[in-house]
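Subject: Handover of a structure, with notes

Dear colleague,

I am passing on the structure below, together with an account of what was found in it. Please read the notes with the coordinates open beside them.

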Amino acid sequence: VGSAAIVSDAAVVAAIDEVKYETIEGLSYMASYVPQQDAAIPVIFREDPADGRNDNSGINIGNLNPDADITVTIDLVTTTGQSLLPVPLSVTVPKGGNTFVYVPFIDGVPPGSVTAARLRTESASGFVAISNDINYAVAGDGSVVFAATGMRG
């Protein structure tokens, strides 16, 4: 798990490929270049194998500020628009780096949850983020990536 900054003096389009060589599974998504201060990820999962739900999400957040850490809050929102947790998560993302939040490891997120996520920062430099969703019970995988998008696209 990680991130990369691509710097160029000309326009660049980048696709990210994820491959599990042991099980010959893979997927691709487009890299984001748009810094966000307020963005959403449409679907976030936490598995509940006892109920036949095997999807899990991990949120990767990249800090676009090479000179300072930023704080990003993550509010998990139910299908009725209510916050799932009493207080949004608050994560510090190191300067020019990234952090990863794995939903099954978040205390208070019930098994079988399907939510959306709203990410916010006060930092003018902003962030980019994705949710990497995986289903461990599906042969051939069953993965998808959702980019965090906001008013900036």
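In what sense do strand E5 and strand E8 pair, and over how many bridges? Strand E5, which covers residues 70–77, and strand E8, which covers residues 114–120, are paired in the antiparallel sense, and five bridges hold that pairing. Within it, Asp75 is found opposite Arg118 in E8. Please keep in mind throughout that this is a predicted model.

The pair belongs to an open sheet of five strands, whose order is E6-E5-E8-E3-E11 and whose pairing is antiparallel. At its edges are strand E6 (89–93) and strand E11 (149–150), each of which pairs on one side only.

A second set of pairings involves E4, E9 and E10. Strands E4 and E9 pair in the antiparallel sense over nine bridges, and in that pairing Gly58 has Asn132 of E9 as its bridge partner. E9 is also joined by four bridges to strand E10 (residues 144–147), again with the two strands running antiparallel, and here Asn132 has Val145 in E10 as its bridge partner. Asn132 is therefore named in both pairings, as bridge partner of Gly58 and of Val145. As for its surroundings, E9 is largely enclosed by the rest of the structure, because eight of its nine residues are buried.

The pocket may be of interest for your own work. The largest pocket holds about 1,400 Å³ of space, and its lining is made up of 48 residues, with Gly2, Ser3, Ala4, Ile16 and Tyr29 lying nearest its centre. The elements that contribute two or more residues to that lining are strand E1 (15–20), strand E2 (25–30), strand E4 (55–63), strand E7 (98–102) and strand E9 (127–135). Of these, E9 gives the most, with six residues. By residue class, the lining divides into 27 nonpolar, 15 polar and six charged residues.

Three buried residues in E4 and E9 deserve a description of their own.

- Asn56 is placed in strand E4 and has a relative accessible area of 1%, so it counts as buried, the limit being under 20%. Its side chain reaches the backbone nitrogen of Glu47 at 3.0 Å. Once neighbours within four places in sequence are left aside, the residues in contact with Asn56 include Phe45, Arg46, Tyr102, Pro104, Asn132 and Asp133.

- Asp133, one of the residues in contact with Asn56, lies in strand E9 and is likewise buried, at a relative accessible area of 2%. The side chain of Asp133 makes a polar contact of 3.0 Å with the side chain of Ser131.

- Ile59 also lies in strand E4, and with a relative accessible area of 1% it is buried. Leaving aside neighbours within four places in sequence, Ile59 is in contact with Ile41, Ile44, Ile74, Thr99, Phe100, Val101, Ala117, Leu119, Ile130 and Ser131. By way of a distance to check, the C-alpha atoms of Ile59 and Ala124 are 21 Å apart, with the two positions 65 residues apart along the chain.

Two loop residues that touch each other complete the notes. Pro35 is in the loop between E2 and strand E3 (38–45), and its relative accessibility of 26% makes it partly exposed. Apart from residues up to four places away in sequence, Pro35 touches Leu64, Ser125, Gly126, Phe127 and Arg152. Between Pro35 and Phe100, which are 65 residues apart in sequence, the C-alpha to C-alpha distance is 18 Å.

Ser125 is found in the loop between E8 and E9; at 22% relative accessibility it too counts as partly exposed. With residues up to four places away in sequence not counted, Ser125 touches Pro35, Asn63, Leu64, Asn65 and Ile70. The C-alpha atoms of Ser125 and Asn63 lie 8.0 Å apart, although the two residues are separated by 62 residues in sequence. In addition, the side chains of Ser125 and Ser123 are joined by a polar contact of 2.8 Å.

With best regards

Note on methods: Residues are numbered from 1 along each chain as its sequence is written. This is a predicted model: local features need pLDDT of at least 70, side-chain atom pairs count only at pLDDT 80 or more; totals for chains, interfaces and linings use all residues. Side-chain values use heavy atoms; hydrogens and water are left out. Two strands pair if DSSP finds at least two bridges between them. On a 1 Å grid over the protein atoms alone, a cavity is a set of points where a 1.4 Å probe fits but cannot get out, and a pocket is an open set with protein on both sides within 12 Å along at least five of seven lines; lining residues have an atom within 4 Å of a point. Grid points are joined across faces, edges and corners, and a volume is the space filled by probe spheres set on the points. Ala, Val, Leu, Ile, Met, Phe, Trp, Tyr, Cys and Pro count as nonpolar, Asp, Glu, Lys and Arg as charged, and the others, Gly among them, as polar. Buried means under 20% relative accessible area, exposed over 50%, partly exposed in between (1.4 Å probe, protein chains only). A polar contact is a pair of N or O atoms within 3.5 Å; within protein, one must be able to donate a hydrogen and the other to accept it, and residues adjacent in sequence count only if both atoms are side-chain atoms. Contact means heavy atoms within 4.5 Å.
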